[in-house]
Amino acid sequence: MSNTLDNTSAPSSPGSKNDQKEEHSNIENLTLQASKTIILHPGSSHLRVGRASDPRPVMIPHVIAWRHSKQKTHPRSRMKLLRSCDNLDLDELNRIDDTLREQSNANLTPWKSIAKENGKKRQETLQEGCGWTWTDTNHKPEFLIGDDALYIDENDSYDLFWPIVNGQLNTVSKSLTALVADLHALWAKAIETFLCIPMKDIGKYRAVLLIPDIYIHQHVKYLIDLLLNEMGFSSLVVHQESVCATYGCGISTACVVDVGHQKTSISCVEDGISHNNTRLCMDIGGSDITQVFAFLLHRNSFPYRSCNTEDRMDALLMEELKETFCHMDLHRVIPELQEFHLRRPGQLSLMYPITLGHETIQAPMSLLYPKLLGRKDEISCVHFSKRNPGNCEDPFDDTYLALTRTKQEEAWASKREKAAAAVNNDSIEMKQEDMEDEISQNYRDTVENSVPAPAHIIGIDQAIVWSIENCPASYEDELKRRMYSCILVVGGALANFSGVENTLKARVRECINNSPQSNMASQVEVISKAKDQDPSMVAWKGGSVLSCLDGAQGLWITREEWITHGLRIFRERCPFVW
Ligand SMILES: Nc1ncnc2c1ncn2[C@@H]1O[C@H](COP(=O)(O)OP(=O)(O)OP(=O)(O)O)[C@@H](O)[C@H]1O
């Protein structure tokens, strides 16, 4: 498929008039097709949706607000924008500080001095309002989506719901059927509002759906059914985020590190295939960085003293401050005098001066030192590829494959499945030590014990090494070498920080320096803004590239085929191992 990818951008060779005519009409066809293809990339914080012909997608908060009656007696659900972090392990901050001192050769200003400075700061009221208003709900819409939902007054009669949590469908708060109904309402409204396509015309459009690398089979089935059956798209292709990310950058082989709002997913992709054993997902991301930053700002006498991240507007302010001030440039540790604006719908804006110390680096570094997050659920926060539980619609499921695979494949698969099941807490009887033994053993098989086994959350640098070391064997470890020399960071949460490439590169080098792969250390390269694209849109872009590839034309499943053959046809056409 990579060759085809190159072909799409290759200039046409001059030929006869007929050839040129044919080429012209091919291009016209392709453009027409692209304008009739909608790419959907849902995430924990944002939904990206747009036509394949668009240079970039519309990106809206992936949230829906349902109206409820004022008489409702039970408390309204208030899904928090940021997860709480009450157990930060502050000893980890000392480790981060040691690294900063070593790298910057500078003295770090103690947080108490910064706090003293901030204690003196007073806000200034600006004469102009912020221009924001609460969403007008006077006409009592049944539901609202995106920014309209996010900016509903908290006292208004609406319940907010984020359908994706930690990168997966949020089935903790709702049944799968109810959740899919929410997605139907949300996606249809987004397509009508932002792409100006009435749902009555959706049958003229094809859809590309991006799913997580580690997906739940049943969820994918529900989503296909939603798009083809319920919404009525004419046909559909489903593909994994990491592979689409490589298409989006025009890179054929990379270790893709996708750090989003609530999840970090790592996978080694080679020519359009994400290697199963290299996939790892941890429930940590940008939302954790925001929480750590909020904590550190409070410790440093944050001048907006009543800030409370349980409040939606304050949580959004914290996100904005993180995106504006945080970075991963380890040489920038000197305190800086900055200012920020506090905006609230219908109120005058306030301008606050603030002194920022090196908490602006400590917060993003928490993803390299995840112990800092103090996650109590850290074992259930690590996920590996899941076994296909099988489905009666699909005769060639894992059970069939298990019966037909070789002895060696059998041994490997059973070991891996046991370890993955344990880490995912599916196998509750398994004791902690057994579990660690299994995972270590599984891990030793390929890694020779050079990196700790990911039975709990580990730093992103270590997770990258774990993933690459699990690549299939190749001549003189050529594949691993290629992965180390192309670590592609996508997703909005890490790739946007200045200095991330150098910092991550140094950390990965350090991780492998004392391992059998130390000869590859000098070749480690990290790319965070491939082709100057917004890293949170790279995978979406790849979805649009995929929809135009010649080689992908055989992957489409039509509505009729889905209705007639169900999962069987999906397995046949699926561009990844189902
Ligand atoms: N300029 C920036 N600097 C730092 N962080 C940023 C920046 N822009 C966006 N982010 C962060 O990126 C995160 C959103 O990234 P992304 O859109 O890739 O996540 P998502 O796909 O919605 O979530 P997930 O991958 O967890 O399902 C948010 O935490 C946001 O604060």
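This report walks through some computed features of a predicted model.

## The chain as a whole

Let's start with the overall picture. The chain has 578 residues, and 54% of them are buried. Its secondary structure comprises 21 helices and 21 strands. If you take the contacts with a separation of 6 or more, 73% of them join residues 24 or more positions apart.

## Helix 10 and its surroundings

Helix 10 runs over residues 312–325. With 14 residues at 1.5 Å each, the expected span is 20 Å, and the end C-alpha atoms are indeed 20 Å apart, so the two values agree. At the N-terminal end, Asp-311 acts as the cap of helix 10, with a side-chain oxygen 2.9 Å from the backbone nitrogen of Met-313.

How enclosed is this helix? Eleven of its 14 residues are buried, so helix 10 is largely enclosed by the rest of the structure. The buried set includes Arg-312, Asp-314, Glu-319 and Lys-322, along with Met-313, Leu-316, Leu-317 and Phe-325. For partners, the buried residues of helix 10 pack against three helices you can pick out in the viewer: helix 5 (146–150), helix 9 (286–299) and helix 11 (359–365). They also pack against strand 7 (158–161), strand 16 (336–342) and strand 17 (348–356).

## Where helix 6 meets helix 7

Another pair to look at is helix 6 (residues 176–194) and helix 7 (residues 217–231), whose axes come within 10 Å and cross at roughly 50 degrees. The two helices are therefore oblique to each other, and their crossing is right-handed. On the helix 6 side, the contact is made by Leu-176, Val-180, Leu-183, His-184, Trp-187, Ala-188 and Ile-191. Helix 7 contributes Gln-218, His-219, Tyr-222, Leu-223, Leu-226, Leu-227, Glu-230 and Met-231.

A general point helps when reading those residue numbers: an α-helix has 3.6 residues a turn, so residues three or four places apart point the same way.

## Two positive phi angles

If you like checking backbone torsions, two residues are worth a look. Lys-140 is not a glycine, yet its phi is positive, near 50 degrees. Lys-140 belongs to the loop between strand 5 (124–129) and strand 6 (143–145), and at a relative accessible area of 53% it is exposed.

Ser-301 is the other residue: also not a glycine, with a positive phi of about 55 degrees. Ser-301 sits in the loop between helix 9 and helix 10. With a relative accessible area of 25%, Ser-301 is partly exposed.

## Two buried residues: Thr-37 and Ala-495

Thr-37 is part of strand 1 (residues 37–42) and is buried, at 0% relative accessibility. Its side chain reaches the backbone oxygen of Gln-33 at 2.7 Å. Leaving aside residues up to four places away in sequence, Thr-37 touches Gly-50, Arg-51, Ala-52, Tyr-205, Arg-206, Val-208, Ser-547 and Trp-556.

Ala-495 lies in helix 17 (residues 492–495) and is buried too, with a relative accessible area of 2%. With the same exclusion of residues up to four places away, Ala-495 touches Val-489, Val-500, Ser-528, Lys-529 and Pro-535. Gly-50, one of the residues touched by Thr-37, is 445 residues from Ala-495 in sequence and 22 Å from it in space, C-alpha to C-alpha.

Note on methods. Residues are numbered from 1 along each chain as its sequence is written. This is a predicted model: local features need pLDDT of at least 70, side-chain atom pairs count only at pLDDT 80 or more; totals for chains, interfaces and linings use all residues. Side-chain values use heavy atoms; hydrogens and water are left out. Helices (H or I, at least four residues) and strands (E, at least two) are DSSP runs, numbered from the N terminus. The expected span of a helix is 1.5 Å times one less than its number of residues. Buried means under 20% relative accessible area, exposed over 50%, partly exposed in between (1.4 Å probe, protein chains only). Contact means heavy atoms within 4.5 Å. A polar contact is a pair of N or O atoms within 3.5 Å; within protein, one must be able to donate a hydrogen and the other to accept it, and residues adjacent in sequence count only if both atoms are side-chain atoms. Axes are lines fitted to C-alpha atoms, for helices over the stretch in contact, and angles run from 0 to 180 degrees between N-to-C directions. Angles under 35 degrees count as roughly parallel, over 145 as roughly antiparallel, 65 to 115 as roughly perpendicular and the rest as oblique. A crossing is left-handed if the near helix is turned anticlockwise from the far one by less than a right angle, and right-handed if clockwise.
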